[in-house]
Structure formats: C-alpha cells, structure tokens
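Q: I'd like to learn how to read a few features off a fold. Could you walk me through them, one at a time?

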Amino acid sequence: AYSAYPAHAKRHLWLQGPANRDSSLIRSAGMIARNTSQMGGKFMAADKGSLAGKVAVVTGAAQGIGRAYAFALARAGAHVIASSRSMGAMTPGDVPAEGSLAQTVALARAEGLPVEGMICDVGDEAQIDRLAKEIIGNHGRIDVIINNAATYPGAHTNPNFDALKMTSEDWDLYTRGNLTGPYVMIARLAP
C-alpha cells in the first residue's frame with residue numbers, strides 16, 4: 001500500500017512506499033492527487049482507468065481535499081473507501097448535511113462513482129483496526145492509502161496556536177490525529 005499525506009498548510013504531496021513496488025501506482029496516485037489539488041478538484045481525463053481494480057482508502061474525505069482525492073481516485077478506476085469521524089445526519093429521503101461524509105457518498109453515487117463511506121476516527125486505534133478488518137473482509141486488500149484526516153487548533157472551541165502554551169490534552173489530541181493516526185493507518189492497512 002502507498003500513502004499520500006498532504007501537509008495541509010502547504011498542500012504538498014508526500015508519497016511513501018518501497019521503491020521496488022509498483023512504481024506506476026505511486027506515479028498514478030501522486031499525479032492524480034497533485035492534479036486534483038492544483039486544479040481545484042478538477043480531474044484530468046488522461047488519468048481515467050489508471051487505477052482500475054485498485055482499492056483505495058481516503059481519510060478525512062467528508063469535504064475539501066479529502067473529497068477531491070476520493071473523487072479523483074474513483075474517476076481513475078479505483079474502488080474508494082472514504083472515511084471520516086462521522087457520517088453526518090441523514091435518513092432515507094433526507095439531503096445529507098453540507099460537508100459530511102454522507103454528502104461525499106451521495107455526490108459520488110450521483111456521478112456513478114464507486115465510493116463507499118465508512119466511519120473512522122484516525123485518532124482511535126480501535127476504529128482503525130475495525131476499518132482495516134472490514135475493508136479486508138469486503139475487498140480482500142488495500143492498494144492505496146491517502147492519509148488526509150487531520151485536526152488543528154482552529155477546529156476546536158478553544159483553539160490554542162501557541163505550542164508552548166498548549167495543554168497536554170490538546171497536545172495529545174493533535175499528535176494522536178496528525179502523527180500517530182496516519183502512522184497506525186499505514187501500519188494496519190499496508191500489506
């Protein structure tokens with residue numbers, strides 16, 4: 001499995017994976033992610049089908065870059081498991097909430113894209129284990145991991161941007177979601 005992790009502040013793409021693995025997969029995932037990010041979510045037609053038959057996991061896919069990754073990978077032929085901390089309230093016949101995982105899945109289905117939604121808080125190892133078990137059980141493998149989920153001070157009611165004044169609880173929250181979580185995703189989901 002390969003992991004693409006965007007540094008949210010600069011929106012750069014990092015790809016990691018063994019050099020002796022399928023380098024075309026690395027190039028395809030990287031090109032799709034860069035093109036999607038740099039072009040405001042627009043997809044380049046030349047990439048269609050380049051990930052046919054692959055299974056991709058995108059964390060933080062409820063909105064923004066995560067949603068763009070999910071759509072780009074699906075348009076390139078991958079079956080995408082989009083994840084987020086919550087699905088967002090939706091009952092049959094209701095319109096999904098703006099910026100929710102339910103909305104990502106609904107928009108993908110409207111386009112005929114193979115995107116399914118699964119709840120997973122990457123700061124919770126038990127949820128990552130459940131996600132991995134369910135994906136492997138349903139699809140047999142995972143080929144691409146996009147570690148996009150992140151938490152940041154502005155996402156909370158009492159943001160603290162000064163690392164030296166941050167509480168240990170805030171430090172734990174940020175490192176669990178932004179450092180430990182992506183590592184655990186790769187450790188649990190990589191073949």
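**Reading the fold, feature by feature**

The side chains of Asp-143 and Arg-141 make a polar contact at 2.9 Å. Keep in mind that this is a predicted model.

Q: Let's start with that pair, then. Where does Asp-143 sit, and is Asp-143 buried or exposed?

A: Asp-143 is in the loop between H4 and E6. Asp-143 counts as buried because its relative accessibility is 13%, and the cut-off for buried is under 20%. Arg-141 is partly exposed, with a relative accessible area of 34%.

Q: What kind of charged pairing do Asp-143 and Arg-141 make?

A: The general idea first: side chains of opposite charge can pair when their charged atoms come close. Here, Asp-143 and Arg-141 meet through their side chains in a salt bridge, 2.9 Å from N to O.

Q: How many salt bridges does the count come to?

A: The count comes to six salt bridges. Take Asp-129 and Arg-188 as one case: their closest N and O atoms are 2.5 Å apart. This pair links distant parts of the chain, with Asp-129 in helix H4 (residues 125–139) and Arg-188 in helix H5 (residues 168–189), 59 residues apart. As for exposure, Asp-129 is partly exposed at a relative accessible area of 34%, and Arg-188 is partly exposed at 35%.

Q: Which residues are linked with Asp-129 and Arg-188 in a network of salt bridges?

A: Glu-125 joins in, so to speak: Glu-125, Asp-129 and Arg-188 are linked in a network of salt bridges.

Q: What about a salt bridge inside one helix? Where do Asp-172 and Arg-176 lie?

A: Both of them lie in helix H5, four residues apart, which is about one turn of the helix. Their side chains meet in a salt bridge, 3.2 Å from N to O. Asp-172 counts as partly exposed at 39% relative accessibility, and Arg-176 counts as partly exposed at 31%.

Q: Okay, on to strands. Which residues of strand E3 lie on one side and which on the other?

A: In a regular strand the side chains alternate between the two faces of the sheet. For E3 (residues 55–58), Val-55 and Val-57 are on one side, while Ala-56 and Val-58 are on the other. These residues are all buried, and both faces of E3 are covered.

Q: What are the partners of E3? How many bridges join E3 to E4, and how many join E3 to E6?

A: With E4 (residues 79–84), E3 runs parallel and is joined by four bridges. In E4, Val-80 is the bridge partner of Ala-56, and Ala-82 is the bridge partner of Val-58. With E6 (residues 144–146), E3 also runs parallel, joined by three bridges. There, Ile-146 is the bridge partner of Val-58.

Q: And how does the chain get from E3 to E4? Is the crossover right-handed or left-handed?

A: The chain leaves E3, passes through helix H2 (residues 64–75) and arrives at E4. This β-α-β crossover is right-handed.

Q: Let's stay with E4. How many of the six residues of E4 are buried?

A: Five of the six are buried, so E4 is largely enclosed by the rest of the structure. E4 also pairs with strand E5 (residues 115–119): the two run parallel, with five bridges between them. One pairing to look for is Ser-83, whose bridge partner in E5 is Met-118.

Q: Now for the interior. Which residues in the largest nonpolar core touch the most other members?

A: In soluble globular proteins, nonpolar side chains tend to be buried together. In this model the largest nonpolar core has 21 residues, and Val-58, Leu-73, Val-80 and Val-115 touch the most other members. E3, H2, E4, helix H3 (101–110) and E6 each supply at least two residues of this core. H2 gives the most, with six residues.

Q: Could we zoom in on one member? Which residues is Val-115 in contact with, leaving aside its neighbours within four places in sequence?

A: With those neighbours set aside, Val-115 is in contact with Ala-70, Ala-74, Val-80, Ala-82, Val-105 and Ala-108. Apart from the core we've been discussing lies another one, of 16 residues, including Cys-120, Val-122, Leu-131 and Ala-149.

Methods: Residues are numbered from 1 along each chain as its sequence is written. This is a predicted model: local features need pLDDT of at least 70, side-chain atom pairs count only at pLDDT 80 or more; totals for chains, interfaces and linings use all residues. Side-chain values use heavy atoms; hydrogens and water are left out. Buried means under 20% relative accessible area, exposed over 50%, partly exposed in between (1.4 Å probe, protein chains only). Two strands pair if DSSP finds at least two bridges between them. A crossover is right-handed if, with the strands pointing away from the viewer, the path from the first strand over the helix to the second runs clockwise. A salt bridge is a side-chain nitrogen of Lys or Arg within 4 Å of a carboxyl oxygen of Asp or Glu. A polar contact is a pair of N or O atoms within 3.5 Å; within protein, one must be able to donate a hydrogen and the other to accept it, and residues adjacent in sequence count only if both atoms are side-chain atoms. A nonpolar core is a set of buried Ala, Val, Leu, Ile, Met, Phe, Trp, Tyr and Cys residues joined through side-chain atoms within 4.5 Å. Contact means heavy atoms within 4.5 Å.
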